[in-house]
Amino acid sequence: MDRKKNWDWLLEHMPRTVAMLREYRELGEGGHVDECWRHGVLAGLPNWFYAREGVITLGTPFDPLPATSTLGAMEQCELARTGTQLLLAPLGKDLDFIRRRQRISGKVA
């Protein structure tokens with residue numbers, strides 16, 4: 001039995017997700033994209049990959065933060081904005097990748 005799944009439908013039904021994945025690959029992050037896809041989509045593990053366009057979702061949702069730790073966690077994070085996303089990253093984490101993506105896509109905050 002062929003274990004490779006046919007993902008041809010993805011471009012038609014989730015074009016923004018496909019565009020984002022292609023953009024990450026063009027920025028040299030293909031290995032990370034593959035790792036997140038393997039864990040979040042193929043293996044169904046949370047906290048790796050989750051995308052939604054309209055009513056279609058792909059991957060496994062991220063675990064929610066406990067309500068008591070949300071404010072404390074946000075105080076220790078840096079916010080980065082892309083054209084379609086708000087991203088929280090721990091303070092001190094290198095956000096150069098996000099900034100490169102913003103410059104290339106012309107979506108600098």
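Which residue forms a salt bridge with Arg-25? In this predicted model, the partner is Asp-34. The closest N and O atoms of the two residues are 2.6 Å apart. The structure holds one salt bridge. Side chains of opposite charge can pair when their charged atoms come close. Neither end of the bridge is classed as buried: Arg-25 is partly exposed, at 41% relative accessibility, and Asp-34 is partly exposed too, at 32%.

Asp-34 falls within the range of helix H3, residues 30–42. The buried residues of this helix are Gly-30, Val-33, Cys-36, Trp-37, Gly-40 and Val-41. These residues lie on the same side of H3, because they cover an arc of only 125° around the axis. An α-helix has 3.6 residues a turn, so residues three or four places apart point the same way. The other side of H3 carries the exposed residues Gly-31 and Leu-42. What do the buried residues of H3 pack against? Their neighbours are H1, helix H2 (15–26) and strand E2. After H3 comes Gly-44, with a positive phi near 70°.

Aromatic rings were examined next. Three aromatic pairs are found in the whole structure. One of them joins Trp-7 and Trp-37. A pair of aromatic rings is described by the distance of the centres and the angle of the planes. For Trp-7 and Trp-37, the centres are 5.0 Å apart and the planes meet at 80°, an edge-to-face arrangement. Trp-7 sits in the segment before helix H1 (9–13), whereas Trp-37 belongs to H3, so the pair ties together parts that are 30 residues apart in sequence. The two rings differ in exposure class. Trp-37 is buried, with a relative accessible area of 15%. Trp-7 counts as partly exposed, at 22%, because the limit for buried is under 20%. Ring pairs also bring in further residues: Trp-7, Trp-9, Trp-37 and Phe-49 are linked into a cluster.

The strands complete the picture. Strand E1 spans residues 50–53, and strand E2 spans residues 56–59. The two run antiparallel and are joined by four bridges. Arg-52 of E1 stands opposite Thr-57 in E2. Which face of E1 is covered and which uncovered? Ala-51 and Glu-53 make up the covered face. Tyr-50 and Arg-52 make up the uncovered one. Two residues lie between the strands of this hairpin, where Gly-54 takes a positive phi near 65°.

Technical notes
Residues numbered from 1 in each chain as written. Heavy atoms only, no water. Salt bridge = Lys/Arg side-chain N within 4 Å of Asp/Glu carboxyl O. Buried < 20%, exposed > 50% of the residue type's maximum accessible area, 1.4 Å probe, protein only. Pairing = 2+ DSSP bridges. Phe/Tyr/Trp six-rings, centres within 6.5 Å; stacked < 30°, edge-to-face > 60°. Arc of directions from axis to C-beta. Contact = heavy atoms within 4.5 Å.
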